[in-house]
Amino acid sequence: MAMKIKTVVGGMVNEDIKMENKTVLITGANTGMGLATAIDMARRGAKVLMTSRSMEKGNEAKETVVKESGSESVVVKQLDLSSMESIRALAQDINSTESRLDVLINNAGVMMCNQSKTKEGFEMQFGVNHLGHFLLTNLLLDLLKKSAPSRVVTLSSGMHQKFLGAAIHWDDINLEKSYTPSKAYAQSKLMNVLFSRQLSKRLEGTGVTTYSVDPGAVKTDLQRHVGKAENPTFMDRMFSGVTWLTRRFWRTPEVGAQTQIYCAVAPELEKETGRFYKDVKLGNESNDAKNDDFAKRLWDLSEEYVASKKNSESEPGKTGAGDAQQAESKETSEKPKEDAQEITEEPEKSAVETPSKDSDS
Ligand SMILES: NC(=O)c1ccc[n+]([C@@H]2O[C@H](COP(=O)([O-])OP(=O)(O)OC[C@H]3O[C@@H](n4cnc5c(N)ncnc54)[C@H](OP(=O)(O)O)[C@@H]3O)[C@@H](O)[C@H]2O)c1
């Protein structure tokens, strides 16, 4: 009698689910859950594309993956998500060298750093955690569509919840007026769920499905900035206190990575899309994370920001920190792009339509 494979066994994703002949790209794969996921995917037989900010760290991590998995099908690619130039270069490389992409795991992240900006002048956590992955995903969509059924898995966090301070600050997305490390992280993690939700709608009928993930509390390098805020607020202090007290009991990266692995490989999820997962099963995202108006508005805004930076690259002297805000107020007769693919093909024509400016949600 044929045995039915159980996808999850004791909280871990069944290793019998194979990924042979599949290509998986994982951002931030040199450490933490990205590295644990890379080892897991290589063990399942996938070709693994690991991105790392530093090639040195990436190559060291690759050695670990090869040693732990026994697979040689592992490639390191340089990617700094705080630079759109770096994101575009990686996408161009992947699109010209890879014949398929079955799973994209938007895993990289920065948490609660002091106020700083990406190369294009966006607030760092917004720029790296959301906007960088927004651009990368859009630039890889054709390849994902060509490889369908394929998946986009995006790491969020329990910190996307409103009771932990998460909100989209529509009138101050870059938090120039009111930056705090925890507010910026929480905003970016709420954006991750909204992005995944809106992406699923745009990809209806393509065979590309999307998943957002809360991995729980996991002992990794992510906490490197926690407790180092220059002007800590009550929330910042609370997070560092709780981290200090409880960190020793947190999940290992291997256990923490199980939910993203589940979303990447579980056969029963092939037809599910746009949902949120936690503890290796469907989870409960916050009401704000289920708000379709927010999801669409964030998409349109992100598209405008990305397009405004592509435009400014061809206009020297217009790449300063305030450009994103300038772009918001710029009026043109063109409409925002209807199709994400146009980010790839005709960025110069992408328009900047002023979004309505409601106050904070
Ligand atoms: N750990 C947790 O408790 C927890 C909880 C909820 C959600 N998450 C989410 O899980 C994901 C993975 O986190 P982790 O815990 O595994 O953290 P981690 O060990 O710190 O790994 C984060 C990865 O992101 C990379 N990264 C940071 N800034 C980058 C940039 N500008 N460009 C490209 N890569 C960049 C890091 O590279 P470097 O090594 O060069 O810095 C590293 O490879 C994150 O999205 C995080 O928000 C984690």
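## The hairpin of β9 and β10

Strands β9 and β10 form a hairpin with two residues between the strands. One of these stands out in this predicted model: D279 takes a positive phi near 50°. D279 does so although it is not a glycine. V280 also lies in the loop between β9 and β10. V280 has a positive phi of about 60°, and V280 is not a glycine either. Most residues other than glycine have a negative phi.

Are D279 and V280 buried or exposed? D279 has 14 C-beta neighbours inside 10 Å, so D279 counts as partly exposed. V280 has 22 such neighbours inside 10 Å, so V280 counts as buried.

The two strands of the hairpin run antiparallel, and two bridges join them. Strand β9 covers residues 275-278. One bridge pairs Y277 with L282 in β10.

## The eight-stranded sheet

The hairpin strands belong to an open sheet of eight strands. Its order is β5-β4-β3-β6-β7-β8-β9-β10, and the pairing is mixed. Which strands stand at the edges? They are β5 (74-78) and β10 (281-282). Each has a single partner strand, so one side of each is left without a neighbour in the sheet.

Next to β9 in the order comes β8. Strand β8 spans residues 208-214 and runs parallel to β9, with four bridges between them. There, S212 stands opposite F276 in β9.

## Strand β6 and its partners

Strand β6 sits between β3 and β7 in the sheet order. Three bridges join β6 to β3 (residues 23-26), and the two run parallel. L25 has L104 in β6 as its bridge partner. On the other side, four bridges link β6 to β7 (residues 150-155), again in parallel. V103 stands opposite R151 in β7.

Where do the side chains of β6 point? V103 and I105 point one way from the strand, and L104 and N106 point the other way. All four are buried.

## A cis bond before β7

The peptide bond from A148 to P149 is cis, with omega near 5°. Most peptide bonds are trans. P149 is found in the loop between α4 and β7.

## Cores and a buried helix

The largest nonpolar core has 91 residues. Which members touch the most others? They are V24, A38, V48, M50, L140, L194 and L298. Helix α4 (residues 124-146) supplies the largest share of this core, with 12 residues. In soluble globular proteins, nonpolar side chains tend to be buried together.

L194 shows how such contacts reach across the chain. Leaving aside neighbours within four places in sequence, L194 is in contact with A289, F294, A295 and L298.

Helix α8 (residues 258-265) is largely enclosed by the rest of the structure, because eight of its eight residues are buried. These are Q258, T259, Q260, I261, Y262, C263, A264 and V265.

## Around the ligand

How many residues surround the ligand? There are 27, and the closest are G28, G32, A108, G109 and T220. Helix α1 (residues 32-43) gives the largest share of this shell, three residues. By type, the shell divides into 12 nonpolar, 11 polar and four charged residues.

## The chain as a whole

The chain has 361 residues, and buried residues make up 48% of them. Its secondary structure comes to 11 helices and 10 strands. Many contacts span long stretches of sequence. Among contacts between residues at least 6 apart in sequence, 73% join residues at least 24 apart.

## How far to trust the model

The mean pLDDT of the chain is 87, and 85% of its residues reach 70 or more. Two stretches score low. Over residues 314-342, pLDDT stays under 50. The model has 47 contacts beyond four places in sequence for these residues. Over residues 344-361, pLDDT is also below 50. That stretch has 44 contacts in the model beyond near neighbours in sequence. Where pLDDT is low, the predicted coordinates should not be read in detail.

Definitions and conventions. Residues are numbered from 1 along each chain as its sequence is written. This is a predicted model: local features need pLDDT of at least 70, side-chain atom pairs count only at pLDDT 80 or more; totals for chains, interfaces and linings use all residues. A residue is near a molecule or strand if its C-beta atom, placed from the backbone, lies within 6 Å of it. Ala, Val, Leu, Ile, Met, Phe, Trp, Tyr, Cys and Pro count as nonpolar, Asp, Glu, Lys and Arg as charged, and the others, Gly among them, as polar. A residue is buried if 20 or more other C-beta atoms lie within 10 Å of its own, exposed if 12 or fewer, and partly exposed in between; C-beta atoms are placed from the backbone. A nonpolar core is a set of buried Ala, Val, Leu, Ile, Met, Phe, Trp, Tyr and Cys residues joined through C-beta atoms within 7 Å. Two residues are in contact if their C-beta atoms, placed from the backbone, lie within 7 Å. pLDDT is the predictor's confidence in each residue, from 0 to 100. Two strands pair if DSSP finds at least two bridges between them.
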